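Biologist: I'm new to this structure and would love a close look at a single part. Could you walk me through the surroundings of the ligand?

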Amino acid sequence: MESSGGRAEGSGRGPRVLVVGGGIAGLGAAQRLCRHPAFPQLRVLEATARAGGRIRSERGFGGVVELGAHWIHGPSQGNPVFQLAAKYQLLREKDLSEENQLTETGGHVGLPSVSYGSSGVSVSRELVVEMASLFYGLIDQTREFLHSADAPVPSVGEYLKKEIRQRAASWPEDEETRKLKLAVLNSFFNVECCVSGTHSMDLVALVPFGEYTVLPGLDCTFPGGYQGLTNHIMASLPEDVIVFNKPVKTVHWNGSFKEASSLGETFPVLVECEDGACFPAHHVIVTVPLGFLKEHLDTFFEPPLPTEKAEAIRKMGFGTNNKIFLEFEEPFWEPDCQYIQVVWEDTSPLEDVTSELRHVWFKKLIGFLVLPSFDRSVHVLCGFIAGLESEFMESLSDEDVLLSLTQVLRRVTGNAQLPAPRSVLRSRWHSAPYTRGSYSYVAVGSTGDDIDQLAQPLPTDGAEAQLQILFAGEATHRTFYSTTHGALLSGWREADRLIALRDPQAQLPGPWL
Ligand SMILES: Cc1cc2nc3c(=O)[nH]c(=O)nc-3n(C[C@H](O)[C@H](O)[C@H](O)COP(=O)(O)OP(=O)(O)OC[C@H]3O[C@@H](n4cnc5c(N)ncnc54)[C@H](O)[C@@H]3O)c2cc1C
């Protein structure tokens, strides 16, 4: 195989390291390695034309919209994304305040400002507050099963439904109110599917659910776009470290690869790209999303991964959560409105839906966040939708999505004349070939041990050249999976693992696990 020339190649100055993927995990790893003198031969191979991965801010609606990561979850001292964003001066004054950092939200989504029912009548705030407190009380209870040997049911969804069924049996209200309560709860289930990035909470394992760790701090956004963070990290790297449009096809490992320009030198790993270019290396840090790994498991590693690691990848959960932005000429919501909940009155978490997706997909939408106005003539709502319905939405045209959501909004507001949105913009994370979904969760049949299994470097026995393949990315962080801070910490963790191998005297700030 022919190998590619370039930066510091064949100079024999320290190990050759490749990072596959230029998301925050890959960039974080690269930044840390670049700062250490033992790693002058470093490259990041990124499949697409941009860095940032699932951090993706785009110009739109007169400002910036986030197609991927939206908030810093738990912006406080223990959150490295918060720390970096503060250092790079990317946050608002109020988000840096001590008060914000100390606020405990328990990871729960805030209450809606208004809850529209599908009959065109708003649901009373009292009822919504009562159901929110029931739902999030039960979510908190799921933590009690962490490490428990006798969980009553396998999934978070089944647990919630069992408890709700019991409580609903003694609700004193009339039939109509009881149905409405269940419909409101169904909307909270849909929110939780977005939070977990799953089609159904029945797919999310109960026992390990509490292992996900919520940091203190009131979730905050980046006024100039989340991507400002990855752009800053990228700017700190030497110019030619990142190679764009270089999708990796196969990572050959446990080999003895040579290249013409490095006389006599052999490398245990050879990274083969889709365009035929080959990069020999001593170490490769793989940061591709779990969705990509699942899809290409049979061809991405040669020899194939050990059985336990391949099994962990198959068992772990990776689902879809998408955003749909709608731009309006005039707001139809109140000036102080922040979150519009949509409640489908004919739904219940206790009943399964069997209708065809094209007739019902929009019922999975949780409602809309009101985005802060960039200027007074721009009014934007951001809808969130998870699961198979979200994947189906990706297959529709912009016109179809805009039409369906206009009908939804006319129906729930009871205003048949409500002007259609001016434009629509949405994410399509499931169709993205180098992502194939949104983020990971611990699925029924898997545990946190599978996350650790995925994070284990190869080879495992240490008899061969050590640390040939290392694994980073959000899905490899046992307690912060699905987040940007989990991804960043995982990149640092693997960089430090390499630094510790090559420079045992190095003072490292870890452990990162
Ligand atoms: C809609 C949505 C909303 C989210 N909201 C939040 C939020 O509010 N807060 C939060 O903390 N997190 C959020 N997340 C999750 C967060 O974005 C991710 O956890 C994090 O960005 C993942 O970083 P990563 O480096 O692990 O992976 P990625 O960012 O996916 O980076 C992996 C990189 O690998 C590249 N790649 C893939 N295959 C190959 C290949 N074969 N060869 C070369 N390169 C390849 C990809 O192109 C990509 O650039 C959200 C995600 C989504 C999708």
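Modeller: Happy to! Let's begin with a term: a residue is near a molecule if one of its heavy atoms lies within 4 Å of it. Please keep in mind that this is a predicted model. There are 40 residues around the ligand, and those that come nearest are Glu46, Arg54, Trp71, Val248 and Thr484. Sorted by class, the shell around the ligand holds 20 nonpolar residues, 16 polar ones and four charged ones.

Now for some individual atoms. Trp71 offers a polar backbone atom 2.8 Å from a nitrogen atom of the ligand. Thr484 also has a polar backbone atom to look at, 2.9 Å from an oxygen atom of the ligand. For Ile24, the distance from a polar backbone atom to an oxygen atom of the ligand is 3.2 Å. How much of the ligand does the protein bury? Taken alone, the ligand exposes 1,000 Å², and the protein buries 98% of that. Helix 1 (24-34), helix 9 (290-300) and helix 15 (484-502) are the elements that give two or more residues to the shell around the ligand.

One of the residues you have just met turns up again in the nonpolar cores. The largest nonpolar core has 47 residues, of which Met131, Phe135, Val184, Leu185, Phe188 and Phe325 touch the most other members. Apart from that core lies another, of 43 residues, and Ile24 is among them, as are Leu42, Leu229 and Phe480. So much for a first tour around the ligand!

Technical notes:
Residues numbered from 1 in each chain as written. Predicted model: local features only at pLDDT ≥ 70, side-chain atom pairs only at ≥ 80, totals over all residues. Heavy atoms only, no water. Polar contact = N/O pair within 3.5 Å; in protein donor to acceptor, adjacent residues only side chain to side chain. Areas by Shrake-Rupley, 256 points an atom, 1.4 Å probe, with all protein chains shown as cover. Helix = DSSP H or I, 4+ residues; strand = E, 2+ residues; numbered from the N terminus. Nonpolar A, V, L, I, M, F, W, Y, C, P; charged D, E, K, R; others polar. Core = buried A, V, L, I, M, F, W, Y, C linked by side-chain atoms within 4.5 Å. Buried < 20%, exposed > 50% of the residue type's maximum accessible area, 1.4 Å probe, protein only.
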